[in-house]
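The following exercises ask the reader to examine a structure and to justify each conclusion step by step. Please inspect the sequence and the structure before reading the solutions.

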Amino acid sequence: MATDDPKNSDDLLSRRLSSGTEPSRAPAADDRASGSHLEDTQAFDTFHDDPGPTRETPARSAGTDTAAKPAQASADTGAGSGKPALLSDEEWAILGGGTAAGAGASAAGTSGAGKTGKTGKAGRKGTADVRGDRSREVDVPGTGRFGALDVIGTIWITLAMPFVLAAIAVRAVASGLFLKFEYFYRPGFPVDDYGFTSDDRLHYGSYAVDYLNNLDSSRYLADVVLPNGVPVFAAEEITHMADVKALVQLLYLVGVIAAVVGVVFALYLSRRTGPGLRHSIRWGALLTLVAAVALAVLAMLGWDRFFTGFHTLFFDQGTWQFYLDDALIRLFPAPFWIDAGIAVGVIILLGALIPLLLSFMGAGARRKARKAERTEAKRTGTV
């Protein structure tokens, strides 16, 4: 134990702090007179392995060893709290290191802080896992939330699909291939009572169809003449064909704009965090099917009334009615328009049914994946 003499205490502390590990024999001899040699030896034995019995440190009994173990545990605790092993608690307190109780409290506080830090890390890790799960859920195409542009894009594609399919169907019917099928391969197609053969019909009818699809003026049809030089199409017929061309090309323009903007929106909706295309495709296909079925029912209930109502809606009265010997009636009789209407309807129906069926592909797998994610989230407690 330390003496009450301040001078001896200061000398003892200075010697121990400057001596390093093993105290020299000269200071030990001096300390023997002051009664502190036993404390030095115990401190030395605690800091180093026991070197065995010597003249100055005789062999200790089992009881002494047992008593020394708590001292060594205390020294280990002091080392953990920052106190040098060579200093006693009183000496460490003199140097300002605090008491043993304070060192223990500090160590306990440090341990608690470590545990708190670990808990905090675990909490942050759990939060990161939750965020990671949410990010993975959002990153799956088709599972993202709808933003403003997503809603606009979905509505655009839904409304654009009927126009795009109608433009494709009309362009397929307004072609030389369809004319050839009607004039040469369609069973029961009526013959021309005024002398046009199938080749004549294909030749002159191709001019009318080409006029609908090109950018030429009405003079394109005015220059079409019979072998005797008589114009094939009368002025009234050319005027009506100009009206039909304006309507058809307006449909083409709307279809192209709808398709181009729809592709842009489709790319945006198909981004990694977007809601996907299946909603817009499904609703657009359903809208197209409803409109096509409604028109088909009206046509089947009365073709003449449907045909008249269509022309009355889009053309001025008196501009679309002709005589039986006019070229448009001879080239395009009523059965031709019935077949054209059926062909347009079939193309639109197929164009709507195929995307509609494709929109449901993988729905079962997506439901199973979402169910598995919810089950895993409940199991891990992230929800």
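**Exercise 1.** Determine whether V224 is buried or exposed, and describe its surroundings.

*Solution.* Step 1: V224 has a relative accessibility of 5% and therefore counts as buried; buried means under 20% relative accessible area and exposed over 50%, with partly exposed in between (1.4 Å probe, protein chains only). The model is predicted: local features need pLDDT of at least 70, side-chain atom pairs count only at pLDDT 80 or more, and totals for chains, interfaces and linings use all residues. Residues are numbered from 1 along each chain as its sequence is written, and side-chain values use heavy atoms, with hydrogens and water left out.

Step 2: V224 lies in the loop between α10 (219-222) and α11. Helices here are DSSP runs (H or I, at least four residues) and strands likewise (E, at least two), numbered from the N terminus.

Step 3: Setting aside residues up to four places away in sequence, V224 touches Y204, Y207, P231, V232 and F233, where contact means heavy atoms within 4.5 Å. The C-alpha atoms of V224 and Y207 are 7.8 Å apart, although the two residues are 17 apart in sequence.

**Exercise 2.** Characterise the packing of α9 against α11.

*Solution.* Step 1: Two packed helices are described by the angle between their axes and the distance between the axes. The axes of α9 (residues 198-213) and α11 (residues 235-269) come within 8 Å and cross at roughly 45 degrees. Axes are lines fitted to C-alpha atoms, for helices over the stretch in contact, and angles run from 0 to 180 degrees between N-to-C directions.

Step 2: α9 and α11 are therefore oblique to each other; angles under 35 degrees count as roughly parallel, over 145 as roughly antiparallel, 65 to 115 as roughly perpendicular and the rest as oblique.

Step 3: From α9, the contact involves A208, Y211, L212 and N213; from α11, it involves M241, A242, V244, K245, V248, Q249 and Y252.

**Exercise 3.** Which side chain makes a polar contact with the side chain of D339?

*Solution.* Step 1: D339 belongs to helix α15 (residues 334-359) and, at 13% relative accessibility, counts as buried.

Step 2: Beyond its neighbours within four places in sequence, D339 is in contact with F178, E182 and R186.

Step 3: The partner is R186, whose side chain makes a polar contact of 2.7 Å with that of D339. A polar contact is a pair of N or O atoms within 3.5 Å; within protein, one must be able to donate a hydrogen and the other to accept it, and residues adjacent in sequence count only if both atoms are side-chain atoms.
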